[in-house]
Amino acid sequence: MDYVRLGNTGMTVSRICLGCMGFGGLKTGNFSWTLNYEKSKPIIDRAIDLGINFFDTADVYSDGKSEEILGRAIQGRRDELVIASKVYNPTGPLPNERGLSRRHVRQELKRSLGRLRTRYIDLYQTHRWDYETPIEETLRALDELVRSSLVNYIGASSMWAWQFAKALYKSDSLGLERFVSMQNHYNLCYREEELEMIPLCREEKIALLPWSPLARGFLTGKYGRGARPAGKRYSRDQLLRERYFRKEDFDVLEETGEVAKEKGATVAQVALAWLLHKGVTSPIVGVSSVSQLEELVESTSVNLSPHDLKRLEQPYRRRATEGHV
Ligand SMILES: NC(=O)c1ccc[n+]([C@@H]2O[C@H](COP(=O)([O-])OP(=O)(O)OC[C@H]3O[C@@H](n4cnc5c(N)ncnc54)[C@H](OP(=O)(O)O)[C@@H]3O)[C@@H](O)[C@H]2O)c1
């Protein structure tokens, strides 16, 4: 496994981060495609064996079950690992059970620490922009968590570039901890972030941690053009069905398949290798089995030439994006 600094910090993370959104085991609802503890534990163990030290979860994944599973599975090894979690999305029906107010941030951090069975979170991220709470309030609350040793670094997830620039400017001008990472939607089938957010992150030495780097499984080649898609995640993950499967996405997929054939690699490995060649710090991958994970880890040794990169990028067509997906 290769390791890299997390942006402009002194902390080192593996070049592959294991996303834990697929751990939960809920029977119904948006997370009913996720794995229970018994099926998640061998994946987490194997990730550590393979040298992965970086794990990403969130308070809302499977109503907190993802954090619980991760916390239980890494008992005794926690201090070897870099644990990232998130706050923002609603955790209950009450008005203060959501957003990035000082109150909710403090409350959720406490709950996340409990579920993760840890004294600290390495990277605490805001899941989305809160239009109703002044960013100064959120930044002061996060700064306080770092000063209290409950959090080592703070990061952000999907938002507009102007919002991120504003947050960085506010932290600097108020002398507060600044965001060190951006967790955003970036893969061969979704490249809108190349317009504004990624150049900003490069300029500010912000770590790039793309989510859904395999387009929720679409960029593995398991779904063919014209074929009737099957699989538990396809049938239960609405966002997978809605976000990809355009004609242009299949064009990208087929070109990725061609490059993969020539490299003696798999489609998923080439899709991840492309991100690793684009200055990404650590793609946050999801897997539903140990063998999938073993395949993905090999992507760090797939070399792509400038010509390969051009071929992979050529079929992409810009999307009309109304909001952050
Ligand atoms: N910040 C945010 O807003 C946000 C949003 C989404 C995700 N995330 C983070 O990003 C992580 C990854 O998201 P994701 O699960 O959508 O990522 P992904 O890596 O794009 O897709 C993962 C899916 O790809 C399939 N897959 C993976 N390796 C495979 C292989 N070798 N062969 C065949 N299929 C393979 C699996 O599908 P099957 O289940 O069909 O086997 C798996 O569920 C999450 O766990 C979470 O930590 C963050």
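Me: In which sense do strand 3 and strand 10 pair, and over how many bridges?
Reply: First, the housekeeping: this is a predicted model, where local features need pLDDT of at least 70, side-chain atom pairs count only at pLDDT 80 or more, and totals for chains, interfaces and linings use all residues. Residues are numbered from 1 along each chain as its sequence is written. Strands (E, at least two residues) and helices (H or I, at least four) are DSSP runs numbered from the N terminus, and two strands pair if DSSP finds at least two bridges between them. Leu 18 stands opposite Val 285 in strand 10, and strand 3 (residues 17–19) pairs with strand 10 in the parallel sense, over two bridges.

Me: What is the strand order of the open sheet?
Reply: The chain has twelve helices and ten strands. Eight strands go into this open sheet, and the pairing is parallel. Read across, the order is 9-8-7-6-5-4-3-10.

Me: Which strands stand at the edges of that sheet?
Reply: Look for strands with a single partner strand, so that one side of each is left without a neighbour in the sheet. Those are strand 9 (207–208) and strand 10.

Me: Over how many bridges do strand 5 and strand 6 pair?
Reply: Strand 5 (82–87) joins helix 3 (102–116) and strand 6 in a right-handed β-α-β unit. Right-handed here says that, with the strands pointing away from the viewer, the path from the first strand over the helix to the second runs clockwise. Val 87 has Thr 126 of strand 6 as its bridge partner. The two strands pair in the parallel sense, and the bridge count is four.

Me: How many residues of strand 6 are buried?
Reply: Buried takes 20 or more other C-beta atoms within 10 Å of a residue's own, exposed takes 12 or fewer, and partly exposed lies in between, with C-beta atoms placed from the backbone. Strand 6 covers residues 121–126 and is mostly covered. Its buried count, out of six residues, is six.

Me: Is strand 7 largely enclosed or not, and how many of its residues are buried?
Reply: Strand 7 (residues 151–157) is largely enclosed by the rest of the structure. The reason is burial, because of its seven residues the buried ones number six.

Me: Which helix does the chain cross through between strand 6 and strand 7?
Reply: These two strands pair in the parallel sense over five bridges. Among the partners in strand 7, Val 151 goes with Ile 121 and Gly 155 goes with Gln 125. The β-α-β crossover is right-handed and runs through residues 135–147, helix 4.

Me: And which helix is in the β-α-β unit with strand 7 and strand 8?
Reply: Strand 8 (residues 179–183) pairs with strand 7 in the parallel sense over three bridges. Ser 157 stands opposite Gln 183 of strand 8. The unit is right-handed, and its helix, residues 161–174, is helix 5.

Me: Is Tyr 88 buried or exposed?
Reply: Tyr 88 has a positive phi, near 155 degrees, though it's a residue other than glycine. You'll find Tyr 88 in the loop between strand 5 and helix 3. Tyr 88 has 24 C-beta neighbours inside 10 Å, so it counts as buried.

Me: What does Arg 117 count as, with 14 C-beta neighbours inside 10 Å?
Reply: Arg 117 also goes positive, with phi near 55 degrees. Its place is the loop between helix 3 and strand 6. Because Arg 117 has 14 C-beta neighbours inside 10 Å, it counts as partly exposed.

Me: How far apart are the C-alpha atoms of Pro 210 and Asn 184?
Reply: Pro 210 is in the loop between strand 9 and helix 7 (232–236), and it counts as buried because it has 25 C-beta neighbours inside 10 Å. Taking contact as C-beta atoms, placed from the backbone, within 7 Å, Pro 210 touches residues including Asn 184, Tyr 186 and Ile 284. Asn 184 is 26 residues away along the chain, yet the C-alpha separation is 4.9 Å.

Me: Which helix gives the largest share of the shell around the ligand?
Reply: The shell holds 29 residues, each with its C-beta atom, placed from the backbone, within 6 Å of the ligand. Gly 19 and Trp 211 are among the closest. Strand 10 (284–285) supplies at least two shell residues, as does helix 11 (290–297). The largest share, three residues, comes from helix 11.

How values were computed
Contact = placed C-beta atoms within 7 Å. Lists of a residue's contacts leave out its neighbours within four places in sequence.
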